[in-house]
Amino acid sequence: MKYILIIGDGMADNPVPELGGLTPLQYAKKPFIDELARKGEVGSVMNVPEGLPAGSDTAILSIFGCDPNRYFKGRAPLEAAASGIVLNDGDIAYRCNMVTYEDGDMPFEEKRILSHSAGSIEADVSDEIVTALFSDPGFAPLAEKAGMKVNLGHSFRHIGQQSGADITGIKLIPPHDHLGEKIGPLLPSGCENAEVLLGLMKKAHEILDRHPLNEKRRAEGKLPANGIWFWAEGTAVKLPSFTDSYGYDGAVVSAVPLCHGIAVLCGLDMVCPEGATGEIDTNYENKLQAALDILEEHDFAAVHVEAPDECTHNGDLSGKIQSIEWLDTRMVKPLDDAMKERGWDYRLLFLSDHKTLTSTRGHDGDPVPYMIYDSRFDSRAGFPYTEEGGMQGPMLNSGVALMSVLFEQL
């Protein structure tokens with residue numbers, strides 16, 4: 001028996017007026033996913049515990065059986081683990097996004113944040129810009145005084161590592177939840193160290209706004225990476241062994257450091273196949289092949305697809321729908337074909353980790369639909385994989401139970 005997890009990040013949504021009151025999951029053409037759902041079990045699950053931030057960090061911890069109420073210490077430490085970054089006692093990790101602020105002569109606090117990813121900036125350009133920033137004679141001394149260094153993330157996602165800092169009471173806001181808003185109320189606050197981070201962010205914008213690399217991006221019709229944004233703060237964390245918890249080992253296929261970090265900390269392998277980008281242009285076929293290769297040696301493989309989430313953050317509704325449809329035609333259907341060809345029985349857990357709302361371009365912690373399909377049985381339940389379909393089935397109050405359901409241990 002093989003066990004497979006597929007996460008379509010941020011697929012779930014609320015009804016969208018432009019889609020006639022349907023959600024993207026209801027509107028998208030995904031006949032094979034719905035066929036498996038009708039043969040399996042569709043229900044709803046609360047992956048984000050009440051009182052914790054709605055995001056892939058809390059939600060995917062739950063999905064992998066790690067109660068966020070116990071293990072969530074911030075997103076950045078999870079991502080740091082994926083890069084092999086060692087956090088010493090007293091170290092704080094932050095996500096350091098490359099972002100785009102609106103152009104104009106208004107005060108920094110009056111600017112709006114246009115993109116949390118600097119327009120899905122290319123990996124090599126992002127690395128070049130943030131390296132230039134931390135080497136700049138106007139910025140480097142401030143970063144050194146703050147005890148801050150940067151670890152390249154090879155995307156818009158970098159990791160800031162600060163030594164000797166106190167973050168008690170700090171308030172840092174995820175940029176992707178506030179696109180189009182003035183940044184004043186969103187800037188670091190709550191403690192003395194927040195003022196240090198704010199100073200670095202202001203200086204970064206001053207240096208980067210007219211940097212030659214960003215002027216080149218503007219000339220090419222691209223959004224500039226004219227700022228950095230610190231958030232997702234946290235200290236080192238240790239997660240329980242996946243194999244000790246469930247008796248299986250395997251690997252996680254993703255382009256996103258968060259997923260790789262959770263994998264590493266749980267004792268699973270991490271795989272980022274060629275062409276995996278975390279965007280809509282990700283290589284579905286290579287991700288699927290990577291999962292099949294894992295299953296040749298192991299009984300568990302997980303595949304994470306970031307595209308629906310990023311499309312929603314970018315205001316790309318058609319892209320979100322396309323990414324869901326590609327999950328059907330380029331992932332789930334060929335997966336089933338490959339399993340039949342190999343003669344492998346399998347159980348599939350397919351779900352969205354959290355909702356990402358078209359209406360706000362941000363995350364939401366409401367329950368999301370999950371689907372369990374077992375190739376050995378036809379439940380004849382008849383529900384499609386949609387938010388509404390999920391409400392017709394079982395309700396799991398915590399995503400921590402999902403792996404036990406997948407492995408038939410409940």
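How many of the seven residues of strand S1, residues 2-8, are buried? Seven of the seven, so S1 is largely enclosed by the rest of the structure. Keep in mind that this is a predicted model.

Let me stay with S1 for a moment. Lys2, Ile4, Ile6 and Gly8 point one way from the strand, while Tyr3, Leu5 and Ile7 point the other way, and all are buried.

Next, the pairing. In general, strands of a sheet pair through backbone hydrogen bonds, either parallel or antiparallel. S1 runs parallel to strand S11, residues 346-351, and six bridges join them. Isoleucine 7 sits opposite leucine 351 of S11. S1 also pairs with strand S10, residues 300-305, again through six bridges and in the parallel sense. There, leucine 5 has alanine 302 of S10 as its bridge partner.

Now the whole sheet. It is open, has eight strands, and follows the order S9-S8-S10-S1-S11-S14-S2-S15, with mixed pairing. At the edges are strand S9, 269-271, and strand S15, 395-396, each of which pairs on one side only. For an antiparallel pair, take strand S2, residues 41-45, and strand S14, residues 368-374, joined by five bridges. Valine 42 of S2 has methionine 371 in S14 as its bridge partner. On the helix side, H11, residues 257-266, lies across S8, S9 and S10, and runs at about 160 degrees to S9.

On to a helix pair. Two packed helices are described by the angle between their axes and the distance between the axes. For helix H2, residues 31-39, and helix H14, residues 317-342, the angle is about 60 degrees and the axes are 7 Å apart. That angle makes H2 oblique to H14. H2 contributes Pro31, Phe32, Ile33 and Leu36 to the contact, and H14 contributes Ile324, Leu327, Asp328, Val332, Lys333 and Asp336. Sorted by class, this contact has seven nonpolar residues, three charged and no polar ones.

Last, the cores. As background, nonpolar side chains in soluble globular proteins tend to be buried together. Here the largest nonpolar core has 79 residues, and Phe300 and Leu348 have the most contacts inside it. H14 supplies the largest share of this core, nine residues. There is also a second, separate core of 51 residues, and Ala76, Tyr94, Ala143 and Ile170 are among them.

To close where we started: S1 is buried along its seven residues, and it pairs with S11 and with S10.

Terms used:
Residues are numbered from 1 along each chain as its sequence is written. This is a predicted model: local features need pLDDT of at least 70, side-chain atom pairs count only at pLDDT 80 or more; totals for chains, interfaces and linings use all residues. Side-chain values use heavy atoms; hydrogens and water are left out. Buried means under 20% relative accessible area, exposed over 50%, partly exposed in between (1.4 Å probe, protein chains only). Helices (H or I, at least four residues) and strands (E, at least two) are DSSP runs, numbered from the N terminus. Two strands pair if DSSP finds at least two bridges between them. Axes are lines fitted to C-alpha atoms, for helices over the stretch in contact, and angles run from 0 to 180 degrees between N-to-C directions. Angles under 35 degrees count as roughly parallel, over 145 as roughly antiparallel, 65 to 115 as roughly perpendicular and the rest as oblique. Contact means heavy atoms within 4.5 Å. Ala, Val, Leu, Ile, Met, Phe, Trp, Tyr, Cys and Pro count as nonpolar, Asp, Glu, Lys and Arg as charged, and the others, Gly among them, as polar. A nonpolar core is a set of buried Ala, Val, Leu, Ile, Met, Phe, Trp, Tyr and Cys residues joined through side-chain atoms within 4.5 Å.
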